Amino acid sequence: MKVAVAGCCHGALDKMYETLELLQRRHNVRPDLLLCCGDFQAVRNEADLRCMAVPAKYRHMQTFYRYYSGEKKAPVLTVFIGGNHEASNHLQELPYGGWVAPNIYYLGYAGVVRFRGVRIGGISGIFKSHDYRKGHFECPPYNQQTIRSAYHVRNIEVFKLKQLKHPIDIFMSHDWPRSIYHYGNKKQLLKMKSFFRQEVESNTLGSPAASELLQHLKPTYWFSAHLHVKFAAFMQHQTNSKEELPKATKFLALDKCLPHRDFLQIIDVEHDPSAGDSLEYDAEWIAVLKATNSLVNVTQSSWNMPENNGLHAKWDYSATEEAIKEVLEELNHNLKIPCNFTLTAACYDPSKPQKHVEPVHTINPQTTEFCAQFGLTDINDRIQQAKEEGSVRGEYEEEEEEEEMDSTGSAEEPSEYNTDNSGLSSINPDEIMLDEEGGDEDLSTCSVDPSPDHPPDFSASFSDIRIMPDSMAVSSDDAMDSTNEELEKSGMSKQVEEKSLNERPLKRIGGNENGNSGIKKIKRRNQAIYAAEDEDKTE
């Protein structure tokens with residue numbers, strides 16, 4: 001079957017679906033499924049806009065509300081993960097996933113589903129070490145800290161995904177797995193994005209948690225977005241035994257959704273011809289959710305997942321075949337996800353603006369039904385109970401101020417990851433500066449335009465084959481190899497830069513050539529995701 005993969009959507013659903021229709025008219029290519037790798041921006045109304053971590057001038061309604069209201073319907077089944085620019089209050093209603101509009105499905109904080117026999121997984125948000133070991137405690141109305149921490153990846157989601165034993169066909173993350181740039185055309189990447197060099201050479205660009213998942217899951221495909229540049233890599237994984245067949249992952253990062261951008265990719269994926277056309281639950285994933293339900297945490301306290309270190313009575317929460325069989329029997333072997341989308345908020349009405357509506361903490365009936373069916377904890381219900389019991393007291397601002405002094409984890413116990421690339425000083429020369437609180441990892445737009453007359457060729461994107469080590473860490477010699485000489489020696493004839501793409505110069509948006517903009521504390525790459533939007537308005 002044909003699967004379309006899109007980068008950061010930023011609420012431009014009309015543009016995305018119009019591009020698919022254009023592809024069908026020009027090339028007779030009709031995808032069976034659309035995947036979106038975050039920054040989907042499922043904004044229903046003005047209150048949702050206030051829950052999105054962007055400067056006020058970028059809070060635009062875009063077009064999702066038309067699909068939410070039923071005015072329009074997605075022409076193709078769409079599955080997406082969350083990024084770091086979302087209506088967090090809306091997505092928080094569906095921690096285990098669910099429909100945000102008819103035919104548009106959110107995977108939740110982490111999730112696995114099936115479509116036509118193809119197993120699709122994903123994890124939402126971006127990595128920040130100082131929030132990684134906390135529970136999902138945030139709820140609207142958010143403050144300046146929680147509006148950002150709400151979309152930070154948590155260790156419990158990574159732990160759940162690491163319990164999976166059966167093969168994954170496709171996996172999505174918003175930020176890139178750390179070290180992935182060493183398995184593709186690094187030279188071309190740094191040519192397009194020279195301000196990545198410091199992080200690439202220090203091996204701190206990307207998410208270490210995603211790297212851990214990549215090493216464990218070894219999916220056939222891994223798709224990401226976030227950095228707003230198209231980049232391909234090919235990773236051949238080491239086997240754990242002589243009997244194990246070698247596995248490889250095709251990685252592709254997509255640009256953001258804008259006209260004349262190469263933000264969309266079509267791939268052919270082997271599927272089960274006998275499978276239906278409905279989106280389905282994954283029985284192993286449901287069994288893992290049931291097994292790990294006791295680990296749910298809705299507090300700000302930092303905590304570690306169980307591991308085989310002598311401190312935990314149980315550390316293996318993987319699903320047994322019996323547990324998977326029980327899930328199938330509970331569902332009478334009918335894994336079809338019910339089309340139970342429900343409106344939970346008023347929809348934006350252009351004729352009746354509601355600029356002062358406050359966001360509220362909502363429990364979505366889809367989540368209530370899902371939790372009741374499988375005996376799971378409704379995270380939002382637990383948060384509300386905790387607030388009523390007084391265990392969540394709104395002390396986050398004071399605690400966060402102390403924790404910011406140690407971005408590698410809490411003072412009591414260090415983080416399992418040593419570095420957080422949010423603290424680096426590399427500056428995107430094309431970025432729009434955000435205030436001091438906006439220290440999330442957003443990068444500038446891609447300077448490469450696709451050929452409008454040719455559909456994208458996924459096979460031509462993969463150019464380098466290297467063996468992935470046991471650890472995602474690379475040696476200092478390898479990290480300093482920014483010229484990527486190994487690619488030139490590989491003998492592979494097709495490179496990303498050899499595509500029929502035309503480069504155009506980027507317009508400088510913020511700061512002077514030295515990166516000085518008058519802001520006391522510069523946060524890297526903030527709001528570069530919107531740089532091209534300003535370009536389009538002036539062209």
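In the predicted model, strands β4 and β5 form a hairpin with 2 residues between the strands. Strand β4 covers residues 98-101 and strand β5 covers residues 104-106. The two pair in the antiparallel sense over 3 bridges. Within this pairing, W99 stands opposite Y105 in β5. N103 is found in the loop between β4 and β5. Its phi is near 75 degrees, a positive value in a residue other than glycine. N103 counts as partly exposed, at 23% relative accessibility.

A positive phi also appears at N332, where the angle is near 55 degrees. N332 is found in the loop between α12 (321-330) and α13 (365-374). The residue counts as exposed, with a relative accessibility of 65%.

The hairpin also leads into the core. I104, in β5 (residues 104-106), is one of the members of the largest nonpolar core that touch the most other members. The others are M16, Y17 and F40, and the core holds 118 residues. Helix α11 (residues 283-291) gives the most to this core, with 6 residues. A second, separate core has 8 residues, including V54, Y58, M61 and A87. In soluble globular proteins, nonpolar side chains tend to be buried together. Not counting residues up to four places away in sequence, I104 touches L13, Y17, F40, F64, Y67, A74, T78, F80, G98 and W99.

Strand β2 (residues 33-36) is covered on both faces. L33 and L35 are buried on one side. L34 and C36 are buried on the other. Strand β1 (residues 2-6) runs parallel to β2, and 4 bridges join the two. V5 stands opposite L35 in β2.

Helix α10 (residues 208-217) is mostly covered, with 7 of its 10 residues buried. The buried residues are P208, A209, A210, S211, L213, L214 and L217. At the start of the helix, a side-chain oxygen of S207 reaches to within 3.3 Å of the backbone nitrogen of A209. Just after α10, K218 takes a positive phi of about 50 degrees.

Charged residues also occur in buried positions. E157 lies in helix α7 (residues 155-161). With a relative accessible area of 4%, E157 is under the 20% cut-off and therefore counts as buried. Its side chain joins that of H136 through a polar contact of 2.7 Å. Leaving aside neighbours within four places in sequence, E157 is in contact with Y109, A110, I123 and H136. K128 is found in the loop between β7 (118-123) and α5 (129-132). This lysine counts as buried, at 1% relative accessibility. K128 and S149 are 21 residues apart in sequence, yet their C-alpha atoms are 8.4 Å apart in space.

A cis peptide bond joins P140 and P141, with omega about 0 degrees. P141 lies in the loop between α5 and α6 (146-149).

Cysteines were also examined. The count of disulfides comes to 0. C51 is buried, with a relative accessible area of 1%. C371 is buried as well, with a relative accessible area of 4%.

Over the whole chain, the secondary structure comes to 18 helices and 16 strands. Of the 539 residues, 57% count as buried. Among contacts between residues at least 6 apart in sequence, 83% join residues at least 24 apart.

Confidence varies along the model. The chain averages a pLDDT of 79, and 71% of the residues score at least 70. Over residues 394-415, pLDDT stays under 50. The model has 36 contacts beyond four places in sequence for this stretch. Over residues 418-539 the pLDDT is below 50 too. That stretch has 326 contacts in the model beyond near neighbours in sequence. Where pLDDT is low, the predicted coordinates should not be read in detail.

Terms used
Residues are numbered from 1 along each chain as its sequence is written. This is a predicted model: local features need pLDDT of at least 70, side-chain atom pairs count only at pLDDT 80 or more; totals for chains, interfaces and linings use all residues. Side-chain values use heavy atoms; hydrogens and water are left out. pLDDT is the predictor's confidence in each residue, from 0 to 100. Contact means heavy atoms within 4.5 Å. A nonpolar core is a set of buried Ala, Val, Leu, Ile, Met, Phe, Trp, Tyr and Cys residues joined through side-chain atoms within 4.5 Å. Buried means under 20% relative accessible area, exposed over 50%, partly exposed in between (1.4 Å probe, protein chains only). A polar contact is a pair of N or O atoms within 3.5 Å; within protein, one must be able to donate a hydrogen and the other to accept it, and residues adjacent in sequence count only if both atoms are side-chain atoms. A disulfide is a pair of cysteine sulfur atoms within 2.5 Å. Two strands pair if DSSP finds at least two bridges between them.
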